[in-house]
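Welcome, and thanks for opening the viewer. Let's take a short walk through this model, one selection at a time.

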Amino acid sequence: AGAPAPAPPPTQLPFLTAPNVARSDMPALARSQLRALREQARAAATIAPNALIRAHWQDIADRADNILEPRRTR
């Protein structure tokens, strides 16, 4: 048996460039998803079966709050 055929060269897309994140919809979509996650975490905290699980859900909600609404004095 002979040697395996060489792999084809990688396909290059000449017009593909890195996105301009600041001018795209990506930040808005990320904030929207984080808001939804925060609300889900708050809801889960209210029905958590014990204090430890409730604390974890509240921590997730607090972290989302800190990202979405950073405090100016840190």
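## Stop one: the first helix

Select Leu34, Arg38, Ala41, Ala44 and Ala45: these are the buried residues of helix α1. They sit on the same side of α1, because together they cover an arc of only 130° around the axis. Keep in mind as you look that this is a predicted model.

Now turn to the other side of α1, where you will find Leu29, Gln33, Gln40 and Thr46 exposed.

Next, colour the whole of α1, residues 26-46. This helix has 21 residues and spans 31 Å from its first C-alpha to its last, close to the 30 Å expected at 1.5 Å a residue.

## Stop two: across to the second helix

What do the buried residues of α1 pack against? Select 51-68 to see the partner, helix α2.

Within helix α2, pick out aspartate 65. Is aspartate 65 buried or exposed? Its relative accessibility is 18%, and buried means under 20%, so aspartate 65 counts as buried.

Show the side chains of aspartate 65 and arginine 42 next: a polar contact of 3.0 Å joins them. To see the wider surroundings, add Arg38, Arg42 and Pro70, which aspartate 65 contacts once its neighbours within four places in sequence are left aside.

## Stop three: the whole protein

Finally, zoom out and switch to a cartoon view. The secondary structure comes to two helices and zero strands. Of the 74 residues of the protein, 14% count as buried. Turn on the surface, and you are looking at about 6700 Å² exposed by the protein, with carbon and sulfur atoms supplying 59% of it.

Terms used
Residues are numbered from 1 along each chain as its sequence is written. This is a predicted model: local features need pLDDT of at least 70, side-chain atom pairs count only at pLDDT 80 or more; totals for chains, interfaces and linings use all residues. Side-chain values use heavy atoms; hydrogens and water are left out. Helices (H or I, at least four residues) and strands (E, at least two) are DSSP runs, numbered from the N terminus. The expected span of a helix is 1.5 Å times one less than its number of residues. Buried means under 20% relative accessible area, exposed over 50%, partly exposed in between (1.4 Å probe, protein chains only). The arc is that of the directions from the helix axis to the C-beta atoms. Contact means heavy atoms within 4.5 Å. A polar contact is a pair of N or O atoms within 3.5 Å; within protein, one must be able to donate a hydrogen and the other to accept it, and residues adjacent in sequence count only if both atoms are side-chain atoms. Accessible areas come from the Shrake-Rupley method with a 1.4 Å probe; for residues, only the protein chains shown count as cover.
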